[in-house]
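Please open the model in your viewer and keep the selection panel at hand. The tour moves from loops to helices, one selection at a time.

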Amino acid sequence: GLRHLFGILGVKKSMVNARKFLLGAANHEHAEAMYYLGFMQMHGLGAAHDCGSAYMWFCRAAELNCEKAQCSLGLFYAHGICCDLDIELARYWYERASLRGHAGAQFALACVYVSLGQKKNAAVWTSIAANNGVLVAQALLAKIYMNGLGVSRDLSTAMMWCLIVQANVDVDIDSLEIVLKCQSSILRSTSDDVIDLARERASEWFASRHDFASQSRLPS
């Protein structure tokens, strides 16, 4: 089903065949197949766009512990898509996906805690998402530590995340803008020793991930 959906591994893309095989798997309680059926309905792939059907498939898959579906349900409840807006249910589903390691859900959960005014929880989940490679979370974590939002103010840690974001070749403009503003502010208010420590810690962070290419791109 996935091969036909995405046209991969030598299989020609076909929404008809994708739906047929995914339905077959879903009928045998395959959670990820259910998620992708919801994905197809949500994006109008092989069928009319129908967020109500997508919601139904996501619910079934989420109950079977598909973290992608759990994250999608969190999104639906956070924005009231085909359901009543419910921040607590959004938090619940994002948290379930987060605990299964879904990095996008971890960052979304941090955003929910921001909306609830829970700065400490927001900082915790932003940090988890950042360490799992979510660029925007890394950028915001620099801002969190620079301003002491839910954490003790720590300019070395803030600068470390600034450097990590800048070393990423796929960095987006918004994330880069956040860290450049943070970096400019930090450089005006701290010593060279703090900057040197931040660079050392950024190098150690990349080394722990065996990402030596990114480590070599750390700005001087």
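Helices are DSSP runs of H or I with at least four residues, and they are numbered from the N terminus. The structure in front of you is a predicted model, which is worth keeping in mind at each stop.

Begin by selecting Cys 82, which sits in the loop between α5 (67–79) and α6 (87–99). Although Cys 82 is not a glycine, its phi is positive, at about 60°. Is this residue buried, partly exposed or exposed? Cys 82 counts as partly exposed because its relative accessibility is 33%, and the partly exposed class lies between the cut-offs of 20% and 50%.

Next, select Leu 9, in the loop between α1 (2–6) and α2 (15–26). Here too the residue is not a glycine and yet has a positive phi, of about 55°. With a relative accessibility of 64%, Leu 9 counts as exposed, since that class begins over 50%.

Now turn to helix α12, which covers residues 192–208 and includes Asp 192. Asp 192 has a relative accessibility of 60% and therefore counts as exposed. Extend the selection to Asp 193, Asp 196, Glu 200 and Glu 204, which together with Asp 192 form a negative surface patch.

For the last stop, select Ser 216 in helix α13, which spans residues 212–216. Ser 216 counts as exposed because its relative accessibility is 62%. Add Ser 203 to the selection and display the C-alpha atoms: those of Ser 216 and Ser 203 are 8.5 Å apart, while the two residues are 13 residues apart along the chain.

How values were computed: Residues are numbered from 1 along each chain as its sequence is written. This is a predicted model: local features need pLDDT of at least 70, side-chain atom pairs count only at pLDDT 80 or more; totals for chains, interfaces and linings use all residues. Side-chain values use heavy atoms; hydrogens and water are left out. Helices (H or I, at least four residues) and strands (E, at least two) are DSSP runs, numbered from the N terminus. Buried means under 20% relative accessible area, exposed over 50%, partly exposed in between (1.4 Å probe, protein chains only). Patches are made of residues with over 30% relative accessible area and no salt bridge: like charges are joined within 9 Å, nonpolar side chains (Val, Leu, Ile, Met, Phe, Trp, Tyr) within 5 Å. Accessible areas come from the Shrake-Rupley method with a 1.4 Å probe; for residues, only the protein chains shown count as cover. A salt bridge is a side-chain nitrogen of Lys or Arg within 4 Å of a carboxyl oxygen of Asp or Glu. Lys and Arg count as positive and Asp and Glu as negative; His and the chain ends are not counted. The place of a charge is taken as NZ of Lys, CZ of Arg, CG of Asp or CD of Glu.
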